[in-house]
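Me: I am new to this structure and would like to learn how to read it. Could you walk me through some features, one by one?

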Amino acid sequence: MEVFPSISEFEEAAGRELGPTGWKQITQDRVNGFADATDDQQWIHVDPDRAAQGPFGGTIAHGLLTLSLLPTFMHELYRVEGASMAINYGLNKVRFITPVPVGGRLRARSRIEHVARLDSAVQATLATTIEIEGAPKPAAVIESIVRYVG
């Protein structure tokens, strides 16, 4: 984990590579819980028997489940000390490249693309790649924006 001792030091971090994180297992229970929380019960996610005969050879995680792991990965990648709060300001771009099979493991790497000073905060744009263990292409690529208030 990269620790930035202050917002000012984080402001100088543009271009810094972060990670990778540790691996996170995607279980059927996690996928089912996400399906319950979002009312997305599509069979490719929640019906292992039917999904075994489908295009992916088994159940896969929801793309939005993969995206929802972004905060967990970010907390593992870095920390900005001295900030009174962090605000998820949004996403510029999200692409789901490769389906994540249930039983697969994910990890993330990020690059701090840009950091700008605001009145009493800094705003950073991060480019994150979520990798699938053993897969040639990533699960997702995400460009996110976070603000740190002093």
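What follows is a short conversation about the annotated domain, the strand pairing and the aromatic rings.

Reply: Happy to! Keep in mind that this is a predicted model.

Me: Let's begin with the annotation. Which residues does "domain: MaoC-like" cover?

Reply: An annotation marks a stretch of the chain. Here, the unreviewed UniProt entry places "domain: MaoC-like" on residues 10-124. Over that stretch the chain is 31% helix and 31% strand, and the C-alpha atoms at its two ends are 9 Å apart.

Me: Now the strands. How many bridges join E6 to strand E7, and in which sense do they run?

Reply: To read strand pairing, look for the bridges and then for the direction. E6 spans residues 105-117 and E7 spans residues 121-132. The two run antiparallel, joined by 11 bridges. To find one spot on this ladder, look for Ala108, which stands opposite Ile130 in E7. Between the two strands, a hairpin of three residues makes the connection.

Me: Which residue in E6 is the bridge partner of Glu17?

Reply: That partner is Arg111. Glu17 belongs to the pairing of strand E2 (residues 17-18) with E6, which is antiparallel over two bridges. Strand E3 (residues 24-25) also runs antiparallel to E6, again with two bridges. In that pairing, Gln25 faces Arg105 of E6.

Me: And the rings? How many aromatic pairs are found in the whole structure?

Reply: For ring pairs, check the distance between centres and the angle between planes. A search of the whole structure gives five aromatic pairs. In one of them, Phe4 and Phe10 meet edge-to-face, 5.1 Å centre to centre with 75° between the planes. Phe4 and Phe10 are both buried. Phe10 also pairs edge-to-face with Tyr148, at 5.3 Å centre to centre and again 75° between the planes.

Me: Why does the pair of Phe10 and Tyr148 tie together parts that are far along the sequence?

Reply: Look at where each ring sits. Phe10 is in helix H1 (residues 7-11) and Tyr148 is in strand E8 (residues 140-149), so their contact links parts 138 residues apart in sequence.

Me: Is Tyr148 buried or exposed?

Reply: Buried means under 20% relative accessible area, and Tyr148 counts as buried because its value is 10%. Phe10 has a relative accessible area of 0%, so Phe10 is buried too. Ring pairs join Phe4, Phe10, Tyr78 and Tyr148 into a cluster.

Me: What lies over the face of Tyr89?

Reply: A charged side chain can sit over a ring. In this model that residue is Arg147, at 4.0 Å from the ring centre of Tyr89.

Terms used
Residues are numbered from 1 along each chain as its sequence is written. This is a predicted model: local features need pLDDT of at least 70, side-chain atom pairs count only at pLDDT 80 or more; totals for chains, interfaces and linings use all residues. Side-chain values use heavy atoms; hydrogens and water are left out. UniProt positions are given in the numbering used here, feature names are shortened, and annotations may be inferred rather than shown by experiment. Helices (H or I, at least four residues) and strands (E, at least two) are DSSP runs, numbered from the N terminus. Two strands pair if DSSP finds at least two bridges between them. Rings of Phe, Tyr and Trp (its six-membered ring) pair if their centres lie within 6.5 Å; planes under 30 degrees apart count as stacked, over 60 as edge-to-face and the rest as tilted. Buried means under 20% relative accessible area, exposed over 50%, partly exposed in between (1.4 Å probe, protein chains only). A charge sits over a ring if NZ of Lys or CZ of Arg is within 6 Å of the ring centre and within 35 degrees of the ring normal.
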